Amino acid sequence: MHTITGKTVLVTGANRGIGRALLEEALNRGAKRVYAGTRQPFGHPDGRVTAVTLDVTDAEQIAQAAKTVGELDVLVNNAGEVTFDDLSDRAVLEKMFAVNFFGVYDTIQAFLPALIRSQGAIINNISVNAFAPFPLVSSYSAAKAAAFNLSQSLRGLLAGKGVGVHAVMTGLVDTDMTKGFDVMAKAAPEHVAKNVYDGLEKGEEEIFPDAMAEPLADSWRSGGGKNLERQYAQMAAQIAAAQSA
């Protein structure tokens, strides 16, 4: 389990929406330093905040951000993008994977040495769409499902190195990304941010931070998919131990 108090945190996509709420909540919880990863110039009145130019699809910016940050306790992969589509245009699918999957993967790889040193935590903002795709954002849903699978795999691979991996299964949140989508109530970003860090402190591997997501929590945690993930993790650990013996 990890806390935010006294720790160094990096939040990608920190200038608005859930990312901005995660930044503010980290400050409220006593973070020592919060790096705000944004594509555009960003300023903040709190001296603990350091802006970092970070487009998660730009390999050079990711590498430079890792050098700038140096030591890190908690990496929050929040940056994301959504586009309405019907899977008829491969370019849209590639764009959604570039941001929502490879952006997460590349950022983790760049900061992983620091997280191993600190035995820190990775928080990936996924989506309930990883469980059930919404057909009007099919490419986004597919990328989020892949990012969830990535989170599960890394959890098993990094457990022996002391790095926790947490997947945030967000439902509808009131952000710029969901403007015009008003078929059901949306959670406040501030509410989501508080529940994300609460889940981190409780050691929850999957965090269900809002009213749309929360009803899925018990069925997932006690279901066959989660049990199979645990079995695979145990098998992988046994194989690794046998190979190193």
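How many bridges join strand 1 (residues 8-12) to strand 2, and in which sense do the two strands run? In this predicted model, strand 1 and strand 2 run parallel and are joined by 5 bridges. Within this pair, leucine 10 stands opposite tyrosine 35 of strand 2. The connection between the two strands passes through helix 1 (residues 17-28), and strand 1, helix 1 and strand 2 together make a right-handed β-α-β unit.

Strand 2, which spans residues 33-38, is mostly covered, with 5 of its 6 residues buried. Strand 2 also pairs with strand 3 (residues 49-53), again in the parallel sense and over 5 bridges. Here tyrosine 35 appears once more, standing opposite threonine 50 in strand 3. Tyrosine 35 of strand 2 can thus be followed in both directions, to leucine 10 and to threonine 50.

These pairings belong to a wider arrangement. An open sheet is formed by 7 strands in the order 3-2-1-4-5-6-7, with parallel pairing. Strand 3 and strand 7 (206-207) stand at the edges and have a single partner strand each, so one side of each is left without a neighbour in the sheet. Further along the order, strand 4 and strand 5 are paired in the parallel sense over 4 bridges. In that pair, valine 76 stands opposite isoleucine 123 of strand 5.

The helices may be considered next, beginning with helix 2 (residues 59-69). Its buried residues include Ile62, Ala65, Ala66 and Val69. Viewed down the axis of helix 2, the buried residues fall within an arc of 100°, so they line one face of the helix. An α-helix has 3.6 residues a turn, so residues three or four places apart point the same way. On the other side of helix 2, Glu60 and Lys67 are exposed.

Two loop residues deserve attention for their backbone angles. Most residues other than glycine have a negative phi. Leucine 87, in the loop between strand 4 (74-77) and helix 3 (90-118), has instead a positive phi, near 65°. Leucine 87 is exposed, because its relative accessible area is 53% and the cut-off for that class is over 50%. The other residue is glutamine 119, located in the loop between helix 3 and strand 5. Its phi is also positive, near 50°. Glutamine 119 has a relative accessible area of 49% and is therefore partly exposed.

Which residues make a nonpolar surface patch of about 300 Å²? The patch is made by Phe84, Phe134 and Leu136. Phenylalanine 134 lies in the loop between strand 5 (121-125) and helix 4 (138-158). With a relative accessible area of 30%, phenylalanine 134 is partly exposed.

Helix 4 itself contains leucine 157. Is this residue buried or exposed? At 62% relative accessibility, leucine 157 counts as exposed. The C-alpha atom of leucine 157 is separated by 8.4 Å from that of alanine 237, although the two residues are 80 residues apart along the chain.

Notes:
Residues numbered from 1 in each chain as written. Predicted model: local features only at pLDDT ≥ 70, side-chain atom pairs only at ≥ 80, totals over all residues. Heavy atoms only, no water. Patch = residues over 30% accessible without salt bridge, like charges linked within 9 Å, V, L, I, M, F, W, Y side chains within 5 Å. Areas by Shrake-Rupley, 256 points an atom, 1.4 Å probe, with all protein chains shown as cover. Salt bridge = Lys/Arg side-chain N within 4 Å of Asp/Glu carboxyl O. Buried < 20%, exposed > 50% of the residue type's maximum accessible area, 1.4 Å probe, protein only. Pairing = 2+ DSSP bridges. Right-handed = clockwise from strand over helix to strand, strands pointing away. Arc of directions from axis to C-beta.
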